[in-house]
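Student: I should like to understand the reasoning behind the terms applied to this structure. May we take them one at a time?
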Amino acid sequence: MAHVETLEKRLERIEKLLIELNSKIDNFMGYEYLSKDEKKELKKMKEEIKKGEFIKFDELFGD
């Protein structure tokens with residue numbers, strides 16, 4: 001059971017890192033070269049994550 005808890009904690013950490021990464025997406029090199037549609041899609045993804053509208057790792061790959 002301890003292994004499951006450890007794995008769960010690691011997955012939660014990965015989720016938090018992905019959310020943090022999403023918040024920095026506007027600052028990556030090459031952002032200025034994205035098309036208008038690509039920037040719009042990134043903005044949509046950011047809004048979905050802020051609202052909690054994303055699939056967690058364990059929901060996708062869990063039992």
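Student: How many positive and negative side chains does the protein have, and how far apart do the centres of the two sets lie?

Tutor: In this predicted model, the protein carries 14 positive and 16 negative side chains. Lys and Arg count as positive, Asp and Glu as negative. The centres of the two sets are 6 Å apart.

Student: What elements make up the protein, and in what order do they run?

Tutor: Three helices and zero strands are present, so the order from the N terminus is α-α-α.

Student: Why is the protein called more spread out than a compact globule?

Tutor: For 63 residues the globule rule gives 11 Å, whereas the radius of gyration is 15 Å, which is well over that value; therefore the protein is described as more spread out than a compact globule. Along the principal axes, the C-alpha trace spans about 50 × 20 × 15 Å.

Student: What share of the residues counts as buried, and what supplies the exposed area?

Tutor: Buried requires under 20% relative accessible area, and 11% of the 63 residues count as such. The protein exposes about 6100 Å², with 57% of it supplied by carbon and sulfur atoms.

Student: Why is F57 called partly exposed?

Tutor: The class lies between 20% and 50% relative accessible area. F57 has 40% relative accessibility, and therefore counts as partly exposed. F57 is located in helix α3, residues 57–61.

Student: What makes the nonpolar surface patch that includes F57?

Tutor: I55, F57, L60 and F61 make this patch, with an area of about 460 Å². Membership requires over 30% relative accessible area, and F57 stands at 40%.

Conventions:
Residues are numbered from 1 along each chain as its sequence is written. This is a predicted model: local features need pLDDT of at least 70, side-chain atom pairs count only at pLDDT 80 or more; totals for chains, interfaces and linings use all residues. Side-chain values use heavy atoms; hydrogens and water are left out. Patches are made of residues with over 30% relative accessible area and no salt bridge: like charges are joined within 9 Å, nonpolar side chains (Val, Leu, Ile, Met, Phe, Trp, Tyr) within 5 Å. Accessible areas come from the Shrake-Rupley method with a 1.4 Å probe; for residues, only the protein chains shown count as cover. A salt bridge is a side-chain nitrogen of Lys or Arg within 4 Å of a carboxyl oxygen of Asp or Glu. Helices (H or I, at least four residues) and strands (E, at least two) are DSSP runs, numbered from the N terminus. Buried means under 20% relative accessible area, exposed over 50%, partly exposed in between (1.4 Å probe, protein chains only). The radius of gyration is taken over C-alpha atoms; the globule rule is 2.2 Å times the number of residues to the power 0.38. The place of a charge is taken as NZ of Lys, CZ of Arg, CG of Asp or CD of Glu.
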